Each structure stands twice: as C-alpha cells, then as structure tokens.
Amino acid sequence: MASSFESAASSVRDALASAGRGLVEREAMVELVALSAVAGEHLLVVGPPGTAKSEAVRRTARVLGGSYFEYLLGRFTEPSELFGPVDLRKLREGIVATETQGMLPEAEVAFLDEVFLGSTAILNTLLGLLNERTFRRGHTRMACPLRVCVGASNALPEDESLAAFADRFLARIFVEPVPDPRLEELLAGGASLWGEAEARTTSLASLDVIAQAAREADLSGVRPHLAHALRTLRAAGVALSDRRAVKVQKLIAAAAALAGRRTPGTADLWPLVYAVPTKEAQALAREVLRDVLAGAENAALPAAALEASAGPLARARRIASAGQALLAERPGDDDAEALSAWRLKLEGVAREMDAGFAPDSLPEDLKVLRAEVAGVLTSGAGSSEVEVAV
C-alpha cells in the first residue's frame, strides 16, 4: 500500500501533466510554479506579452486547488485594488482596517502581471507579504496563506531601487514566443483548451504533505555537491548572493520531494540554474555546470529539469528531430501549394537555428540539418527562402 507521501507525489505529478497539456513550450513554467509552491518561494517569469504566462499560472492554480488571485499592475494601480478597500464601518470608529475578503492577502496562489510597475506603497506592502507571509496596513495585521506568488514582467528592472523587491523571487524563468516549427502545435494546443475536458486536480493537502517532506529532507549528502557547483559558478563570473545560495537548498529539497525522494541527491541539483538571476547568466550556468547536472532527472518536473540541465542542447535535439521529420515529409512536385507551405516551414526551421545558435557554436546534428535545409531551399531558385538559409 502506497504511503501518503507517495500518493501525494503521484497526485501532484498527474495534476501537473494535466495542467501542461496544450501549453506548448510552457510546460517548464507550469512545473516551476509547483516547485516554488512546495519550496515556499516565489517565481518570476520574464518574457514579452502574449506568451501564455497568465494562462500557464491559471491552469496550474486550478489543478493545485486553493484560492487564487490575479491582477495586472500599472503605474496608477491603487493599493486597495490588490489588498482590499478600507472598512468604512470601522473607519467611523477611528480604526483604519482593510477588508481583505477575496483579495491578495487571502490568496494561496497569486499571479501579479507587470509586477514591477506597482507604486512604492504597493511594493513595500508586497515585500512584507512575500517575505514574511504577513499583511500590514493601518490597524490590520494578518498572517497570509500564500503558497506562491508568480510575478511577470516584460524585462528585469533596471532601477536599483527595485532590486530588493525583485530578489524576493528566488526562481526565474525566461520565456520566448513559440518558434515557427511548432506553430501547428501551438494552434492545435490553443484550440484544444477551448473545449478541454476537466483537468485532473490534486489538493493543497497533497502539496502540504510534499512540502513537509521537503522541509524534513536531509541535505547533508548533496550539500558538498551544491558547494562545488556554487564555486564553479563563481569561477565563471556567476555569483549568487549568500541569501540565494542558502535558499536554493529549498528548491533542491522540493524537487526531490516532488520526484518522490525523501533524500535529495545530485539528480536534484538542477533548480540551481533557475536561481541564477539573469537570462545570460543562466545560459552560462548551464554551460559550466554541464557535468554537474548531467544526472538531472525528475519524473514530476521533466520539462523544467531538462531545460535547466540541457538548455540549448535540448533545444538543438528538438530542432534536429523536427527538421529531419519535416525533410522526410516533402510533398510531391505536382502539389505546388503543399510544396510552398512545406518550404515556409523549412524557412522557420532555418530561422530558429540562426536565431538560437551562432554559426561557430552549432551542434553537429544541427550543422548537418542546416546544410540539408539550405540545399533544399537553394534549389528553389529565385525564392526568398534562399536568403534565410544560406
């Protein structure tokens, strides 16, 4: 008979797989929301508008259960829009209290879009809420049930005054629009969400069981490996603050617990990459930690673990596989319309290779693919595709 811990891990794993279905290239983000919730930390998602950030968080919140709060911040957002209005009845008695029902202080999962656009008053209040799980405003003092807050922004803030607030988001993921070769998957996945069957759900009780296991995890065995990884990052010029270095242990313990392991090992070191603050530094971390992260594995969070440990190499394998499959699907010369559509898809493959890899850093399988694609497109004399691939 399975233990409550094993049952909880299985329940959450199935729920996350359900939440990620149809969200092309956002599976890792879905998984990181759950990882952060188990660790009791927060997640920052950085990427352009329209890249399914809010949809991914909504679906994850739906399958995890619990109360959910979502808001798009702007320069003129009032604190009451997030935390609730002043209680007028108590105000008549000279007490400044906040009516928090249905607002952020009572949420268990929260999504704040354009999070860095909030006013100083909002960000100062958020700082206490995120860091201490406590809401303070006027005479109101209350403990907050918040498991995870996901903040989203088009870019990291350049203003130094926002650095302390931004640092409260321990895990970070950078997203881009879905590449050309996967547009059919994007369209099919998006359409499937319109009439989707009820997603498989878990419960916050299951999440609590896993979180408890993560808090009780013995990290002594993996700690020397983590210290070695941190030294490797420092030697490469990627320095994490002491606070981040300490707190990343919570992500490692949470990753192990979600995978059904009570004792974290080297297979669970991959969350370290997501604790690195910038996109460029994360790419460098993947490169210098390649050997350390070679054994990364997580049945519950497969996309996040793969993206952290392989990154560009994982993307290269996907592009190579998709490109070779596309080359094998060449329509006959008698179907001009299908042939034209096929060439456009090949153009997209070529653009994705050129955008993602410098010519001198192309993995060997992509070099082979690029030569084949260039040969095919060049054979279409006078077409615009030649400029893209050659």
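Trainee: What phi does glycine 138 take in the hairpin of β4 and β5?

Mentor: In this predicted model, glycine 138 takes a positive phi near 60 degrees, and the hairpin has two residues between its strands.

Trainee: Why are β4 and β5 counted as paired strands?

Mentor: Pairing requires at least two bridges. Strand β4 (residues 134-137) and strand β5 (residues 140-143) are joined by four bridges, so they qualify as a pair. The two strands run antiparallel, and threonine 140 in β5 is the bridge partner of arginine 137.

Trainee: How do you know that β2 and β3 pair?

Mentor: Five bridges join β2 to β3 (residues 109-113), and the requirement is at least two, so these strands are paired as well. They run parallel. One of the partnerships links leucine 72 to aspartate 113 in β3.

Trainee: To which sheet do these strands belong, and what is its order?

Mentor: They belong to an open sheet of five strands in the order β2-β3-β6-β1-β7, with parallel pairing. Its edge strands are β2 (68-72) and β7 (171-174), each of which pairs on one side only. From one strand to the next, the twist averages 15 degrees.

Trainee: Which strands does helix α3 touch, and how is the helix directed?

Mentor: Helix α3 (residues 53-64) packs on the sheet and touches β1 (43-46), β2, β3 and β6 (148-153). Its direction makes about 170 degrees with that of β2. On a scale running from 0 to 180 degrees between N-to-C directions, that value places the helix and β2 in nearly opposite directions.

Trainee: How is the chain divided into domains?

Mentor: Domain 1 comprises 1-67 + 145-190 + 198-306, and domain 2 comprises 313-379. Their C-alpha centres lie 31 Å apart. Eight residues of domain 1 are in contact with nine residues of domain 2.

Trainee: What area do the two domains bury between them?

Mentor: They bury about 630 Å², 59% of it on carbon and sulfur atoms. Of the area that domain 1 buries against domain 2, Asp180, Pro181 and Leu306 supply 55%, more than any other three residues.

Trainee: What makes the link between glutamate 184 and lysine 345 a salt bridge?

Mentor: The cut-off is 4 Å between a side-chain nitrogen of Lys or Arg and a carboxyl oxygen of Asp or Glu. For glutamate 184 and lysine 345, the closest N and O atoms are 3.4 Å apart, so the pair meets the criterion. The count of salt bridges between domain 1 and domain 2 is one.

Methods. Residues are numbered from 1 along each chain as its sequence is written. This is a predicted model: local features need pLDDT of at least 70, side-chain atom pairs count only at pLDDT 80 or more; totals for chains, interfaces and linings use all residues. Side-chain values use heavy atoms; hydrogens and water are left out. Contact means heavy atoms within 4.5 Å. Domain bounds come from an automatic or database domain assignment. Buried area is the accessible area (1.4 Å probe) that two parts lose on being put together, summed over both.
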